[in-house]
Amino acid sequence: MASASLTPSIVIAQKRTADTAVVTEWNVPWTDTRPRDPSLDTQGRVWFVGQEGNYVARLDPKSGAFTKLEIDAGTFPHTVSVDKDGDAWYTGNRNGMIGKIDGTTGAITRYPMPEPDAKDPHTIAFDTQGNLWFTLQNSNMVGHLVKKTGKVTIMRMSTPRSRPYGIVIDAKGRPWFNLFGVNKIGTIDPTSMRVREYVLPDERARGRRIALTTDGAVWYVDYSRGYLGRLDPVSGAVKDWPMPGGSTSLPYAMTVDDADRLWFVETGKQPNRLVGFDPRTNTFTTPTDIGKAAPNTVRHMVFDKNTRTIWFGSDQGTIGRAVIPPSERKPIG
C-alpha cells in the first residue's frame, strides 16, 4: 500500500558566485528516517529510500508530492536505483536481498543472496547490459545480478575487512569500488569474475565514494585524510589533492558531471559543503552550503544529465537538488 503527502520546498539561499551551485531541498514528511541515495526515472520523479524508516519513496519535484511505497518489514534499504526500463531496484541492507519494484505495476520481485553470509547489500550500479553490480560492505563481498535470469553471483574480497562501499561501472563493463576498510581500490573482470586490488600509497587512505571520468581515470574521495584522489588504472599511479576544507573535511558523497567535473560533499563541515573540481585546471569551485548549520551528512549523489542537476539525500531529512554552474568545456575523453 502506498501513501502520499505534500510539502513545500525549502530554498537554501546563498550569495552566489560564478562557480557555485543553487541548492533546493524538500522536507521528507517521514521524520528521522534517513532519506538517501536518490535516482531519477524517465518521468523526472526522484526515487529514494528511508534507510531507518524501512521504505522506498518518490518525490515529484514539480508538485512537491511524496509517495511512500511499503516494502518487507526488516529490509531497511540502503540504496534504490532506477534502470532504463523504469524499474526501481533496492538493496535490503538488513535482510540480505535485492528487491525490484516494477515501474508499471508496483509489484515487488525479491532476489535473496545465494550465500548465508552475504548479509548486507549496499550500493548498486548498472552495467551496459542492464545487469546489477552491488557492494556488501560488512560481508566483504561484491555481488552481480543478471536481470534476465535473476542469478546472483558473489565475489569475496581477498583482503579481510576491506569493506566494499561505493561502486561505478566503466566503459568496458568493469565495476570499480572503494575498499573503505583499507587503503585500496578494487575492480572485477566481468568475464573471469576475478578481483584485482590497487593499493593507495598512503596507508591511512580510506576511499568512500568513487567516480569515473571519460579518459578512464578512477577518482575517489579519501574520507579519513580529506583528499580527492585520482587512480590511473593502467599504470596504477595515484595523485591526490587536499580538500578545501582540510584534513577534517570528511568528503563523502561524490559524482561526476557531463563535463568531467568532479563534485563531492565535505561532511565534516556544518553546514555540509558541496564542492566541484575541474581536472583540467586542478582547481576547486567555491563551496556551496547544504542544509542548516547543524549535524548533517550527505552520503550519496547522482548527476542527472537530462537536467544537468545533482540530487542527494541528507541526514537532516531532506531530498535536495543542486543546479550546477554551466561549463563550456567538453568531456576529457
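A pocket is taken here as an open set of grid points with protein on both sides within 12 Å along at least five of seven lines, and its lining residues have an atom within 4 Å of a point. With that in hand, the tour of this predicted model can start at the second largest pocket. Asp19, Arg261, Asp278, Thr285 and Pro326 lie nearest the centre of this pocket, within a lining of 14 residues. Sorted by class, the lining comprises six nonpolar, four polar and four charged residues. The greatest contribution comes from strand E26 (residues 272-278), which supplies three residues to the lining. The volume of the second largest pocket is about 150 Å³.

The view may now widen to the protein as a whole. The secondary structure consists of 31 strands and zero helices. Along the principal axes, the C-alpha atoms fill a box of roughly 50 × 50 × 35 Å. The radius of gyration is 19 Å, and a compact globule of 333 residues would have a value near 20 Å, so the two agree. Of these 333 residues, 57% count as buried.

Among the strands, a sheet of four deserves a closer look. Its strands follow the order E8-E9-E10-E11, with antiparallel pairing, and the sheet is open. E8 and strand E11 (108-112) are the edge strands; each has a single partner strand, and therefore one side of each is left without a neighbour in the sheet. From one strand to the next, the twist averages 20°. Inside this arrangement, strand E9 (residues 88-92) and strand E10 (residues 97-101) run antiparallel and are joined by five bridges. At the level of single residues, Ala88 stands opposite Ile101 in E10.

The loop that leads up to this sheet offers a last stop. Ala73 is placed in the loop between strand E7 (65-70) and strand E8 (77-82), and E8 is one of the two edge strands described above. Is Ala73 buried or exposed? Its relative accessibility is 73%, and because residues over 50% are classed as exposed, Ala73 counts as exposed. In sequence, Ala73 is separated from Pro295 by 222 residues, while in space the C-alpha to C-alpha distance between Ala73 and Pro295 is 28 Å.

Key. Residues numbered from 1 in each chain as written. Predicted model: local features only at pLDDT ≥ 70, side-chain atom pairs only at ≥ 80, totals over all residues. Heavy atoms only, no water. Buried < 20%, exposed > 50% of the residue type's maximum accessible area, 1.4 Å probe, protein only. 1 Å grid on protein atoms, 1.4 Å probe; cavity = no way out; pocket = protein on both sides within 12 Å on 5 of 7 lines; lining within 4 Å. Points joined across faces, edges and corners; volume = space filled by probe spheres on them. Nonpolar A, V, L, I, M, F, W, Y, C, P; charged D, E, K, R; others polar. Pairing = 2+ DSSP bridges. Axes fitted to C-alpha atoms, helices over the stretch in contact; angles between N-to-C directions. Rg over C-alpha atoms; globule rule 2.2 N^0.38 Å.
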